[in-house]
Amino acid sequence: MIVYDKLWSTMKEKQISQYTLINTYHISAGQLSRLRANAYVSTHTLDVLCGILECSIEDVITYIPENKS
């Protein structure tokens with residue numbers, strides 16, 4: 001499972017709000033909703049976010065292995 005918890009702390013550190021992402025960088029509110037829900041987003045979206053935040057992918061996502069019984 002991929003989670004986007006680090007995205008929100010990176011945004012806070014870089015002082016970029018969700019409002020700024022939507023209105024300045026034209027990231028859709030739907031994309032942000034999917035990120036908040038840890039749902040699928042494209043690698044293109046992740047690439048754009050890393051460019052905006054000037055960070056690496058590790059500053060945005062974390063992979064957590066799912067336990068398979």
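Which residues is Gln-18 in contact with, leaving aside its neighbours within four places in sequence? With contact taken as heavy atoms within 4.5 Å, Gln-18 is in contact with Trp-8, Met-11, Leu-32 and Arg-36 once those neighbours are left aside.

The structure is a predicted model, in which local features need pLDDT of at least 70 and side-chain atom pairs count only at pLDDT 80 or more, whereas totals for chains, interfaces and linings use all residues. Residues are numbered from 1 along each chain as its sequence is written, and side-chain values use heavy atoms, with hydrogens and water left out.

**Gln-18 and Leu-21**

Gln-18 is found in helix α2. Helices here are DSSP runs (H or I, at least four residues), numbered from the N terminus. At 31% relative accessibility, Gln-18 counts as partly exposed; this class lies between buried (under 20% relative accessible area) and exposed (over 50%), with a 1.4 Å probe and protein chains only. The C-alpha atoms of Gln-18 and Trp-8 are separated by 9.1 Å, and the two residues are 10 residues apart along the chain. Leu-21, again leaving aside neighbours within four places in sequence, is in contact with Met-11, Ile-16, His-26, Ile-27, Leu-32, Leu-49 and Ile-52.

**Helix α4 and the nonpolar core**

Helix α4 spans residues 43-53, and its buried residues are Thr-45, Leu-46, Leu-49, Cys-50, Ile-52 and Leu-53. They lie on the same side of α4 because they cover an arc of only 160° around the axis, the arc being that of the directions from the helix axis to the C-beta atoms. An α-helix has 3.6 residues a turn, so residues three or four places apart point the same way. On the other side of α4, Thr-43, His-44 and Asp-47 are exposed. The cover over the buried residues of α4 includes α1 (5-14), α2 (18-23) and α3 (29-36).

A nonpolar core is a set of buried Ala, Val, Leu, Ile, Met, Phe, Trp, Tyr and Cys residues joined through side-chain atoms within 4.5 Å. The largest such core has 17 residues, of which Tyr-4, Leu-7, Leu-21, Leu-35 and Val-60 touch the most other members. Two or more residues of this core come from each of α1, α3 and α4, and α4 gives the largest share, 5 residues.

Gln-31, in helix α3, counts as buried because its relative accessibility is 17%. Not counting residues up to four places away in sequence, Gln-31 touches Val-41 and Thr-45.

**Cysteines**

A disulfide is a pair of cysteine sulfur atoms within 2.5 Å, and by this rule the count comes to 0. The sulfur of Cys-50 has its closest cysteine sulfur in Cys-55, at 4.3 Å, which is too far for a bond. Cys-50 counts as buried at 11% relative accessibility, and Cys-55 is buried with a relative accessible area of 16%.

**Positive phi values**

Most residues other than glycine have a negative phi. The table lists residues whose phi is positive in this model.

| Residue | Place | Phi |
|---|---|---|
| Gln-15 | loop between α1 and α2 | near 55° |
| Asn-38 | loop between α3 and α4 | near 55° |
| Glu-54 | follows α4 | near 50° |

Gln-15 is exposed, with a relative accessible area of 73%, whereas Asn-38 counts as partly exposed at 26% relative accessibility.
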